[in-house]
Amino acid sequence: MTPEQLVQHALEARQRAYAPYSNYLVGAAVLAEDGVVFPGCNVENAAYPSTICAERVALTSAIANGSRRFTAIAVATSNGGTPCGACRQVMAELGLDMTVYISDEHGNFRTTSVRELLPEYFGPEHLPA
Ligand SMILES: [Zn+2]
């Protein structure tokens with residue numbers, strides 16, 4: 001799976017976004033260690049806080065399907081917007097070593113990492129034993 005292919009999965013997932021309020025369509029695709037790709041899109045709600053982001057849809061779907069180890073995630077928006085804070089925290093929990101590809105709607109992407117996006121993340125080591 002090339003970065004370009006993973007970005008393409010995110011672009012396709014973006015087309016399925018349910019975003020009638022913001023009209024900000026987001027797609028994501030997480031690559032599991034075994035090569036399986038799990039797509040996600042943002043799903044908004046009239047009760048705004050009930051909205052869930054594409055990245056968390058993809059990751060929670062992957063977990064629900066039995067995957068636990070991930071190597072990369074691609075995120076696609078109209079303008080190359082980056083994952084929100086909540087998604088960065090979930091990415092740190094479930095895929096701290098993932099490469100992150102951030103794409104615009106044309107497939108132009110840049111490469112970063114979860115560690116770059118969320119340095120000094122809160123992790124399990126911060127919880128009392
Ligand atoms: Zn988010």
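Guide: Buried means under 20% relative accessible area, exposed means over 50%, and partly exposed is in between. This model is predicted.

Visitor: Why is Phe109 called partly exposed?

Guide: Phe109 has a relative accessible area of 27%. That lies between 20% and 50%, so Phe109 counts as partly exposed.

Visitor: Which residue pairs with Phe109, and what makes the pair edge-to-face?

Guide: First, the count: there are 2 aromatic pairs. One of them is tilted and joins Tyr21 to Tyr48, with 5.9 Å centre to centre and 45° between the planes. Tyr21 sits in the loop between helix 1 and strand 1, and Tyr48 in the loop between strand 2 (37–41) and helix 2 (54–64). They are 27 residues apart, so this pair links distant parts of the chain. Phe109 belongs to a pair with Tyr101, at 5.6 Å centre to centre and with 80° between the planes. Centres must lie within 6.5 Å, and planes over 60 degrees apart count as edge-to-face. Tyr101 and Phe109 satisfy both, so edge-to-face is the label.

Visitor: Why is the Tyr21 and Tyr48 pair called tilted instead?

Guide: Stacked needs under 30 degrees and edge-to-face needs over 60; the rest count as tilted. Tyr21 and Tyr48 have 45° between the planes, so tilted is what remains.

Visitor: Is Tyr101 buried or exposed, and how do you know?

Guide: Tyr101 is at 12% relative accessibility. The cut-off is under 20%, so Tyr101 counts as buried.

Visitor: Which residues make the nonpolar surface patch, and what makes them eligible?

Guide: Tyr18, Tyr21, Val43 and Tyr48 make a nonpolar patch of about 440 Å². Patch residues need over 30% relative accessible area. Tyr18 is at 44% and counts as partly exposed. Tyr21 is at 41%, also partly exposed. Tyr48 reaches 59% and counts as exposed. Each of these three values passes the 30% cut-off, so the tyrosines qualify on area. Tyr18 lies in the loop between helix 1 (3–14) and strand 1 (27–32).

Visitor: What makes Cys53, Cys84 and Cys87 donors of the zinc ion?

Guide: Distance. Their SG atoms lie at 2.2 to 2.3 Å. The cut-off is 2.8 Å, so these sulfurs count as donors. Along the chain, the donors follow the spacing C-x30-C-x2-C. Water is not among the atoms, so a site may look incomplete.

Visitor: Are Cys84 and Cys87 buried or exposed?

Guide: Cys87 is at 0%, so it counts as buried. Cys84 is at 33%, so it counts as partly exposed.

Visitor: How many salt bridges are there, and what makes Glu105 and Arg14 one of them?

Guide: The count is 3. In the Glu105 and Arg14 pair, the closest N and O atoms are 4.0 Å apart. The rule asks for within 4 Å, so the pair is included. Glu105 is in the loop between strand 4 (99–103) and strand 5 (109–113), Arg14 is in helix 1, and 91 residues separate them. Arg14 is buried at 8%, whereas Glu105 is partly exposed at 40%.

Visitor: How do you know that Arg69 and Glu33 form a salt bridge?

Guide: The closest N and O atoms of Arg69 and Glu33 are 3.1 Å apart. That is within 4 Å, so the rule is met. Arg69 is in the loop between helix 2 and strand 3, and Glu33 in the loop between strand 1 and strand 2, 36 residues apart. Arg69 has a relative accessible area of 56%, so it is exposed.

Visitor: Why does the pair of Arg115 and Asp97 count as a salt bridge?

Guide: Here the closest N and O atoms are 2.8 Å apart. The limit is 4 Å, so the pair counts. Arg115 is in helix 4 (residues 114–117), and Asp97 is in the loop between helix 3 (85–95) and strand 4. Asp97 is exposed at 60%, while Arg115 is partly exposed at 44%.

Visitor: What makes the chain as compact as a globular protein of that length?

Guide: The chain has 4 helices and 5 strands, in the order α-β-β-α-β-α-β-β-α. Its radius of gyration is 14 Å. The globule rule gives 14 Å for 129 residues, so the chain is as compact as a globular protein of that length. Buried residues make up 44% of the chain.

Key:
Residues numbered from 1 in each chain as written. Predicted model: local features only at pLDDT ≥ 70, side-chain atom pairs only at ≥ 80, totals over all residues. Heavy atoms only, no water. Patch = residues over 30% accessible without salt bridge, like charges linked within 9 Å, V, L, I, M, F, W, Y side chains within 5 Å. Areas by Shrake-Rupley, 256 points an atom, 1.4 Å probe, with all protein chains shown as cover. Salt bridge = Lys/Arg side-chain N within 4 Å of Asp/Glu carboxyl O. Helix = DSSP H or I, 4+ residues; strand = E, 2+ residues; numbered from the N terminus. Buried < 20%, exposed > 50% of the residue type's maximum accessible area, 1.4 Å probe, protein only. Donors = N, O, S within 2.8 Å, 3.2 Å for Na, K, Ca; no water. Phe/Tyr/Trp six-rings, centres within 6.5 Å; stacked < 30°, edge-to-face > 60°. Rg over C-alpha atoms; globule rule 2.2 N^0.38 Å.
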